[in-house]
Amino acid sequence: MEPGSDFKALLCERLGDPQETMGKPHSALRVARMPVSPLPNSSVRIKVAAAALNFADALQLQGQYQVKPKLPFVPGSECSGTVIEVGRDVRTVKVGDKVCAVTEGGAFGEQAVARENLVVKLPANCDVDAAAGLPIAYGTAYLALRDRADLRPGQTILVLGAAGGVGLAAVQLAKCCGARVVAVARGHSKVTTLREAGADEVINMEHHKPEQLKGLMRHCAPQGVDCVFDPVGGTLLTEALRCCRWGAHVLIIGFASGHIPKVAANVLLVKNLTMHGIFWGSYQQHNPRLFRKSLEEVGRLFGSGELNVNISHRFSLEQAPEAFSIMMNRQVIGKILLLPQPRSML
Ligand SMILES: NC(=O)c1ccc[n+]([C@@H]2O[C@H](COP(=O)([O-])OP(=O)(O)OC[C@H]3O[C@@H](n4cnc5c(N)ncnc54)[C@H](OP(=O)(O)O)[C@@H]3O)[C@@H](O)[C@H]2O)c1
């Protein structure tokens, strides 16, 4: 398959709400044809089968994320598909390989470019589409649970926002570690998925306030939890700290609630808690070996069937505003995919 001279992609020309219908004066997104750029020596060009949406994409399109690309740009940070071209220095993958990859933008298109060290080769028989949702959520959760909290068999972990992308990854990986998982989410279908994913206890917060968490936890983990995994923030984190046992690890992953809580240092002192701030992407610069290990390990676990990326919704590039709306309105269970190619062409 040749790279061709141009390809279809989702383009952001102005910052704004990605839920806005395309073609309106204030739309953040439109579908455009992009020229194929020369491939750097250490990079790989991928014919994209699927790209996965991340919460960070929505923040970035509104100018609220720490990484702010110059306009116009093609968003998207992870994808899966088939390698169609490799740079001169690339050694670990070849044309025709099925891969998933982290991209530095540009995943929401028919083609994407990724650096070789951000590409993971997939086994021939795996679900290539679903693998698009593997690198970021599972890489983050792997690094947090294995390398920061050192989660052990028999320990109990409380996962907040557990049916979201990174939360569901943490549930599955915690089960791989042999831990007991208490998952927190809102709504019946999320509860069902979490039970299927192996969560030992699921707390449905649909009809409860965050302040009720400790009471709800009393029968799930009477001794308290050894670890908290928190992609939500806000009051839920403050309440989760009250559910910790002595010496617990608290993993700060994100603030999907939109609220960054202030934590009282005396709470950490009294219970000897360790709080970890985790920004997975920054390991690329600060600890590339560990970053690579997290990618390879989740690729291996996915390939062997121990991990399964739950895809709740699939959309075309043209339907991207709808996809963002699902995510921003808390309806996603696991991951949402954008499928840039007509299915018959794959
Ligand atoms: N630190 C890192 O390296 C890293 C890596 C990946 C993601 N993240 C961050 O982690 C967070 C979650 O990412 P994700 O991809 O898992 O997102 P997601 O799939 O949309 O899941 C977020 C979950 O948070 C819960 N939530 C609570 N209040 C919410 C609100 N006001 N709006 C939306 N969701 C809310 C929702 O669960 P319920 O509706 O069930 O309550 C939802 O399932 C984001 O802040 C993201 O930037 C950080």
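## A cis proline, a ligand and a few odd backbone angles

Pro72 sits in the loop that joins α1 (55-61) to β4 (78-86). That proline is worth a look when you rotate this predicted model, since the peptide bond leading into Pro72 from Leu71 is cis, with omega near -10 degrees.

Now for the ligand. There are 22 residues around it, and the closest are Gly165, Arg186, Lys190, Ile278 and Trp280. Sorted by class, that shell is made up of 14 nonpolar, 5 polar and 3 charged residues. Two helices, α3 (135-148) and α4 (165-176), each put at least two residues into the shell.

Where does the ligand lie relative to domain 1 and domain 2? It lies between them, because domain 1 (6-134 + 309-345) and domain 2 (139-282) both give residues to the shell. Note that domain 1 comes in two stretches of chain, 6-134 and 309-345.

The backbone takes part in holding hands with the ligand, so to speak. Here are three of the atom pairs:

| Residue | Backbone atom | Ligand atom | Distance |
|---|---|---|---|
| Ile253 | polar backbone atom | nitrogen | 2.8 Å |
| Phe255 | backbone N or O | oxygen | 3.3 Å |
| Ile278 | backbone N or O | nitrogen | 2.6 Å |

On its own the ligand has 910 Å² of accessible area, and the protein covers 88% of that. Ile278, by the way, turns up twice in this story: it is among the closest residues of the shell, and its backbone supplies the 2.6 Å pair with a ligand nitrogen.

Back to α3, one of the two helices that feed the shell. Is α3 mostly covered or mostly open? It is mostly covered, with 11 of its 14 residues buried. The buried run goes from Pro135 through Ile136, Ala137, Tyr138, Gly139, Thr140, Ala141, Tyr142, Leu143 and Ala144 to Leu145. Leu143 makes a handy landmark in this helix: its relative accessibility is 0%, so it counts as buried. From Leu143 to Tyr283 you travel 140 residues along the chain, yet their C-alpha atoms are separated by 9.7 Å. Just past the end of α3, Asp150 has a positive phi of about 50 degrees.

In α4, the other of those helices, take Leu173. It is buried too, because its relative accessible area of 3% is under the 20% cut-off. Leu173 and Arg91 are 82 residues apart in sequence, and 30 Å separates their C-alpha atoms.

Over in strand β3 (residues 43-52) you'll find Ala50, which is buried at 0% relative accessibility. Measure out to Trp246 on your screen and you should get a C-alpha separation of 43 Å, for two residues that are 196 apart along the chain.

A couple of loops have unusual residues as well. Asn272 is in the loop between α8 (265-270) and β13 (274-277), and it has a positive phi near 55 degrees despite not being a glycine. Is Asn272 buried or partly exposed? Partly exposed, because its relative accessible area of 40% falls between the 20% and 50% limits. Arg330 also has a positive phi, about 60 degrees, and isn't a glycine either. You'll find Arg330 in the loop between α11 (320-328) and β15 (335-338). With a relative accessible area of 52%, Arg330 is exposed, because that value is over 50%.

Finally, the record. An unreviewed UniProt entry places the feature "domain: Enoyl reductase (ER)" at residues 24-338. Over that stretch, the chain is 30% helix and 26% strand. The C-alpha atoms at its two ends are 21 Å apart.

Key: Residues numbered from 1 in each chain as written. Predicted model: local features only at pLDDT ≥ 70, side-chain atom pairs only at ≥ 80, totals over all residues. Heavy atoms only, no water. Near = heavy atom within 4 Å. Polar contact = N/O pair within 3.5 Å; in protein donor to acceptor, adjacent residues only side chain to side chain. Areas by Shrake-Rupley, 256 points an atom, 1.4 Å probe, with all protein chains shown as cover. Helix = DSSP H or I, 4+ residues; strand = E, 2+ residues; numbered from the N terminus. Nonpolar A, V, L, I, M, F, W, Y, C, P; charged D, E, K, R; others polar. Domains from an automatic or database assignment. UniProt positions renumbered as here; feature names shortened; annotations may be inferred. Buried < 20%, exposed > 50% of the residue type's maximum accessible area, 1.4 Å probe, protein only.
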